[in-house]
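Student: I would like a close look at one part of this model, the place where two helices meet, followed by a few single residues elsewhere in the chain. Could you take me through it slowly, with the terms explained as they come up?

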Amino acid sequence: MHRSLSTITLNIGKSGVNPGVMDEIKRQLKEREVVKLRFSKGISHEKENYITDIIEKSNAKLIDFRGNVAVIFKKRSN
């Protein structure tokens, strides 16, 4: 199965990682296992904290983190 990582699946803006964003991340992880996140430049100083928070709350793994883009993965449970 081919998984494309070329498209951003979720943009995180100045409102940060609120419960709605977290629910969407979890939904996307369940659906496609790999989620690519882009952090807006306005919150770039907070992105490490957001990524740590996202990984802890979603039980995902950080695959890649470059600039303002992070790629996370969570194996689907059968």
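Tutor: What follows treats the helix pair and then three residues in turn. This is a predicted model, in which local features need pLDDT of at least 70 and side-chain atom pairs count only at pLDDT 80 or more, while totals for chains, interfaces and linings use all residues. Residues are numbered from 1 along each chain as its sequence is written, and side-chain values use heavy atoms, with hydrogens and water left out.

Two packed helices are described by the angle between their axes and the distance between the axes. Helix α1 spans residues 19-32 and helix α2 spans residues 47-58, and their axes come within 11 Å and cross at roughly 60°. Here helices (H or I, at least four residues) and strands (E, at least two) are DSSP runs, numbered from the N terminus, and axes are lines fitted to C-alpha atoms, for helices over the stretch in contact, with angles running from 0 to 180 degrees between N-to-C directions. That crossing makes α1 oblique to α2, since angles under 35 degrees count as roughly parallel, over 145 as roughly antiparallel, 65 to 115 as roughly perpendicular and the rest as oblique. On the α1 side the contact (heavy atoms within 4.5 Å) is made by M22, I25, K26 and L29, and on the α2 side by I54, K57 and S58.

Turning to single residues, N68 is found in the loop between β3 and β4 (69-73), and at 18% relative accessibility N68 counts as buried; buried means under 20% relative accessible area, exposed over 50%, and partly exposed in between, with a 1.4 Å probe and protein chains only. Leaving aside residues up to four places away in sequence, N68 touches L37, R38, F39, K41, S44 and K47. The side chains of N68 and K47 are also joined by a polar contact of 2.8 Å, a term for a pair of N or O atoms within 3.5 Å; within protein, one must be able to donate a hydrogen and the other to accept it, and residues adjacent in sequence count only if both atoms are side-chain atoms.

R66, by contrast, is exposed, with a relative accessible area of 62%, and is found in strand β3 (residues 61-66). Its side chain makes a polar contact with the side chain of D64 at 3.2 Å.

Finally, T9 lies in the segment before β1 (10-12), where the side chain of T9 reaches the backbone nitrogen of K36 at 2.9 Å.
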